[in-house]
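Thanks for coming, everyone. I'd like to walk you through a structure that's new to this group, so have a look at it on the screen while I talk.

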Amino acid sequence: MSTNSESATWTSARSSLSLLVVSVALSLFTTSYENSIIPLFASVPTLKYLGHVVHTSTALAVITPNLSSSKILLILGCLLLLAPHTSYWISVYAARFKDPIYSPLVTHALVLAPVVYFSVSLAMSVDPTLALIVLAANALQLRPLLMLVFNALSLDASNNVIFIALGCVCIVVHGGIKVNVGKHSAHPNARNTRTTVVLSVLPLVFTALSSLNPALRSPTLVDSIVTPYYSPTYPLRILNSTQSKTGVVVVGEILPPADGSSISLHSIRYLRVSHSLLGGVWIGDQVATLNGFPPLTDQNGTPLGDSVYSAFVLQEAVRLVNSTPQGRKGVCDHALIIGLGTGISANAFAQHGIATTIVEIDPAVYDAARQYFGLSDPGINNVFLQDARGWVRDRRAMVEAEDPSVIKYDVVVHDCFSGGGVPEHLFSIEFWNDLKTILSPEGVVAVNFAGTLASDSSQAILVTLLRAFGQCRAFHDRVEPISPEQSHSQFVNIVFFCSPSPTPLTFRPAVEEDYLHSYLRRHILSSLDKREINHAEIGDSSTWSTEETFVLTDAHNTLNTWQEGEALEHWKRELHLFFDSVILMRCVVMREMVPDVVWETY
């Protein structure tokens, strides 16, 4: 009796442990899968229906007949070992349909759904009753925790390794089960056992060959040490591809065709994080400066031209404010940059002799700006590679403690937009109030935000800034004026200039010294008066002083919800916005601006 009880207890414990392992492994796969396709689809389109696919696949596995555990393990092993290739290539071809809803949904259905289905089937084959309980904490419940761990430890580079490791475990366990069954069968057959072992080893051999043979290796460059990489099908060069805290950080160049053929877009170096373009500069024969002044160079001495993204230059108009005592004197001692990008604004402030502090969450972005985009050394203790919310909160505590070492900033540039969404905790009223304490009493904040003018998200940004600072003026970086129709449909960069100063903000005319020998700066800064956006174009200002709906707080922040729909459009429009400042291809959506190979190579 005691022996039977111990056996039942052991069987129950083994079943519970097996189900826990399956649940954690499925969560791990889902997290790695999500990270692997975000560079091709961006986060919002990727996540739009991911949960629906997981739940549907789980339900199907629960209600349909299950195969034996060994067969399920063999199928899962093969699916997982192929995942580095299927997740990439299916995403590539699906993305070419240029649909932010159905393109990722097709990939989910063909790559994610089978793995979820067979994983749940495996759990059901172990213990159907207990499986339903364990699956209540399935991939979607554990995924946020795993995402935090991945980001904290920069483990995203292991996506393909995780796929392969999980696949190998499935194949090995499958082989072990078959061998064990063969040994305990009434008629053990050595030949069948050897065949089982061989069949189990074959997928592992394929995986080893995939790692050694470039023709079979996963096509992404993240784990590659071969840089620069030249595309065999297009004049594209990847200088660096690094997995980091915010995603895959890529520095690439679209080169002039070697055969002299014509392409519409070339001679550009860009910085990309996953599916977001953080900036870029002209290179090669597109480098030009006013008065033939020597251009900026990167660490290898390569000449760099103007930014292709005019919003970064528009942010520099914060120096032109002349309504404050410091502005009237032309004095600006300390600047703070939150969100570095390629470092265009930071470099400009440095050239104007302003001591500049940089807060950037991703070390790889900072390294790329220094190495490939000519960012000068900001100096000791002027670079903080961390989330801006905690940094600003710590600085506020120093101010309140009357720490003599704390700096109050004359100007702040806040540029934390990417990929159709924003870190909403950096746009709440609590964040702006913290930031205001480390701003000088007459200081000015420049906030870059991308979206449609007449949208809930744009209105929420402006209302919250007005509530925090008291006054703001808004400007756009488009080449042409924005019509009322476009304000409801066109993505545009808006730079809000805000200040707690009691004096209404005014801007002096730009002069030659402000241009830093840049054609783009001359064009943007000299036409500042023509770029202003009336608050009425964003929303009904008559209710802003009393209406709380659009005030973003830590407890009530719906910014990302409002932006979700806009982000799907951004998936299509991002490069249109990116290059609109140089009048390359207006009214052409993102994936029609450049060939697919540019987005598929990272």
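Let's warm up with a small one: over the ring of which residue does the charged end of Lys-48 sit? That would be Tyr-49, and the charged end is 5.9 Å from the centre of the ring. Before I go on, keep in mind that what you see is a predicted model.

Okay, on to the sheets. Let's take the one with 5 strands: it's open, it's antiparallel, and the order is simply β1-β2-β3-β4-β5. At the edges you have β1, residues 229–230, and β5, residues 276–282, each pairing on one side only. If you look at β2, residues 236–244, you'll see it running antiparallel to β3, residues 247–254, with 8 bridges between them. To pick out one partner, Arg-237 is bridged to Glu-253 in β3. And there's a helix packed on this sheet: α13, residues 363–372, touches β2, β3, β4 and β5, with its direction at about 150° to that of β2.

Now the other sheet I want to show you. This one has 8 strands, again open, but with mixed pairing, and the order goes β10-β9-β8-β11-β12-β14-β13-β15. Its edge strands are β10 (383–384) and β15 (532–533). Over at the β10 end, β9 and β10 are parallel, with 2 bridges, and Val-359 stands opposite Phe-384 of β10. What packs on this sheet? Helix α15 does, touching β8, β11 and β12, at about 145° to the direction of β12. Then α16 lies across β12, β13 and β14, and runs at about 10° to β14.

While we're on β9, let me stop at Ala-355, which is in that strand. Is Ala-355 buried or exposed? Well, its relative accessible area is 38%, so it counts as partly exposed. Setting aside neighbours within four places in sequence, Ala-355 is in contact with Asp-333, His-334 and Ala-335. Tyr-409 is 54 residues away from Ala-355 in sequence, yet the C-alpha atoms are 9.7 Å apart.

So what about the inside? As a rule, nonpolar side chains in soluble globular proteins tend to be buried together. Here, the largest nonpolar core has 46 residues, and those touching the most other members include Leu-336, Ile-338, Phe-427 and Trp-432. Among the elements giving two or more residues to this core are β8, α14, β12 and β14, and the largest share, 7 residues, comes from α16. Take Ile-338 as an example: beyond four places in sequence, its contacts include Val-359, Val-392, Phe-431 and Leu-435. There's also a second, separate core of 33 residues, with Val-321 and Phe-349 among its members.

Last stop, the aromatics. How many aromatic pairs are there? The count is 16. In one of these, the rings of Phe-384 and Trp-391 have centres 5.3 Å apart and planes at 50°, so the pair is tilted. Both Phe-384 and Trp-391 are buried. Phe-427 and Phe-449, on the other hand, are edge-to-face, with 6.3 Å between centres and 65° between planes. Phe-427 is in the loop between β11 and α15, while Phe-449 is in β12, 22 residues apart. Those two are also buried, and together with Phe-431, Trp-432 and Phe-469 they form one aromatic cluster.

How values were computed. Residues numbered from 1 in each chain as written. Predicted model: local features only at pLDDT ≥ 70, side-chain atom pairs only at ≥ 80, totals over all residues. Heavy atoms only, no water. Pairing = 2+ DSSP bridges. Helix = DSSP H or I, 4+ residues; strand = E, 2+ residues; numbered from the N terminus. Contact = heavy atoms within 4.5 Å. Axes fitted to C-alpha atoms, helices over the stretch in contact; angles between N-to-C directions. Core = buried A, V, L, I, M, F, W, Y, C linked by side-chain atoms within 4.5 Å. Buried < 20%, exposed > 50% of the residue type's maximum accessible area, 1.4 Å probe, protein only. Phe/Tyr/Trp six-rings, centres within 6.5 Å; stacked < 30°, edge-to-face > 60°. Lys NZ or Arg CZ within 6 Å of the ring centre and 35° of its normal.
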